[in-house]
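Visitor: Hi! Could you walk me through the unusual backbone spots in this protein?
Guide: Happy to, let's bring it up.
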Amino acid sequence: MIPVPRKMRFTEGTAGRAVPVKEKICAGLGREEYRIRISPEQILLEGSGEEGLFYARTTLGQLRLEYGEGLPCMEIEDQPAYTYRSFQIDCARHYFSVDELKKMIRMAAEFKLNHFHWHISDDQGWRIECKRYPKLHEIGSVRAGDHFGNYHSDEKYEGYYSRDEVRDIVDYCGRFGIEVVPEIDMPGHVTAILAAYPELSCLGTPVEVGMKAGIFKELFCAGREETFVFIENLLDDMLELFPGKYFHIGGDEAPKQRWNECSHCQKRIKEAGLLNAQELQGYFCNRIASYLLAKGRIPIVWNEAVYGGNLDKEVVVQLWTEDKDNQIKAHLDKGGKAILAMVENCYCDYPHGMHSLKDMYSLKAEPAELGEGIEQSVLGGECLVWTEFIRDNERLEELCWPRFAALAEVGWCGRNRPAYEDFCKRLEASFSLFEKYGIHATKREGWEPDEQMAAEQTAQFQMNFSKEDREEARRAQENV
């Protein structure tokens, strides 16, 4: 079974297919905790509510796939190490149908992942129908072509989810105990938004929806009050669709050149008593976070938003890069919370030769560089897939599975996860799960490519980036 249960004890006898299954609510159990009692007379599933009972049913389903008609009698007691076990799909770079998203969601539910981080806005597209600002989906969802890496097409690319489709996805996730966490990236990665509403930028001049990967210069203008009015109205519109606890507001890869040259932003820095544009990003994120908190939501940001040193502790930080100048550690030390999503352990858009299944399974639940005793600061972890170089369903699935399953077990078991080889044996035995849901998962021979194959995959992937692209990205990162 994946994730492996915390406690499992075999007892005498077997339970055939005709043995009745009963469910019982037990108020003393934790929210996601469950128990299973299999005897020759009955199969009893216990949970404190629907989440626990769903996980009990899921585990029972895996047992039936493994043992068939006659289940060995046993007792299982299980609960997760971390409350936040997430998977992310980027639908901004490339749009994936509702049916494909449901397929991925249903598969994630089998491995007890409980948050779907839905990346719906970036430089290359805005993907949700917006009632308050319709030009977002009318203009921001359409780009003139695709020029990602080695793929070049001048055919118009478009697509967005209607409000009814979004509600359908949210309701579907709710059936499996999964909360949808939408992400509207800001103050950077907003080219698609600015293509629709260019007056929100520092320059105020027209821009086109991005057609290639990269770190773009254009940001929301943090000096114009109209920017914050727009964002608050936009959030109100999105909160109608997303009732969950968390809301991701990005904060990564925001070069400060425009802010450094903008009279409005420089005036804001002076009037707010800030030192520089880095602190201005903290100010920007804090204002948006405060608005979300007042609405009863918990904001999440990428770790660059911490680098000004003035991010409010109520904002959850998602770690994907190194701890620059110990700013992330300082945020945690003052009571902040974190989600682990380090590139080398969690990013599934890279080929297996660069980020193997073993790399995923080796995610440290408490990174040493963040100091001792941070376990209480870590909400959990997330597996991610960015889709600049992913344009079809089969490629999406073979990159994500079974690597998403590895992160699912890490999040469920934490530091007490079994050895990697034990996981691999169970994974091979569980491959019928992927077949059941029609998932094109990578088979064992592809999980850890040999040195030659890894080198070939790495070289092929790196061909997506020219020397000019790499130099441009390096310069942009220096100014983030």
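Guide: We'll go through some peptide bonds and phi angles, keeping in mind that this is a predicted model.
Visitor: Great. What kind of peptide bond joins Ile 2 and Pro 3, cis or trans?
Guide: That bond is cis, and its omega is about -5°.
Visitor: And where does Pro 3 lie?
Guide: Pro 3 sits in the segment that comes before strand E1, which covers 7-15.
Visitor: What about the bond from Met 186 to Pro 187, cis or trans?
Guide: The bond from Met 186 to Pro 187 is cis, and omega is near 5°. Pro 187 belongs to the loop between strand E11 (179-184) and helix H5 (191-196).
Visitor: Switching to phi: what sign does it have at Lys 112, positive or negative?
Guide: Positive, at about 65°, even though Lys 112 is not a glycine. You'll find Lys 112 in the loop linking helix H2 (98-110) to strand E7 (115-122).
Visitor: Is Lys 112 buried or exposed?
Guide: Lys 112 counts as buried, because its relative accessibility is 1% and the cut-off for buried is under 20%.
Visitor: Okay, on to Glu 253. What is its phi?
Guide: Glu 253 has a positive phi of about 45°, and it is not a glycine. Its place is the loop between strand E12 (246-248) and helix H7 (257-261).
Visitor: And why does Glu 253 count as buried?
Guide: Because its relative accessibility is 15%, and anything under 20% is called buried.

Technical notes: Residues are numbered from 1 along each chain as its sequence is written. This is a predicted model: local features need pLDDT of at least 70, side-chain atom pairs count only at pLDDT 80 or more; totals for chains, interfaces and linings use all residues. Side-chain values use heavy atoms; hydrogens and water are left out. Helices (H or I, at least four residues) and strands (E, at least two) are DSSP runs, numbered from the N terminus. Buried means under 20% relative accessible area, exposed over 50%, partly exposed in between (1.4 Å probe, protein chains only).
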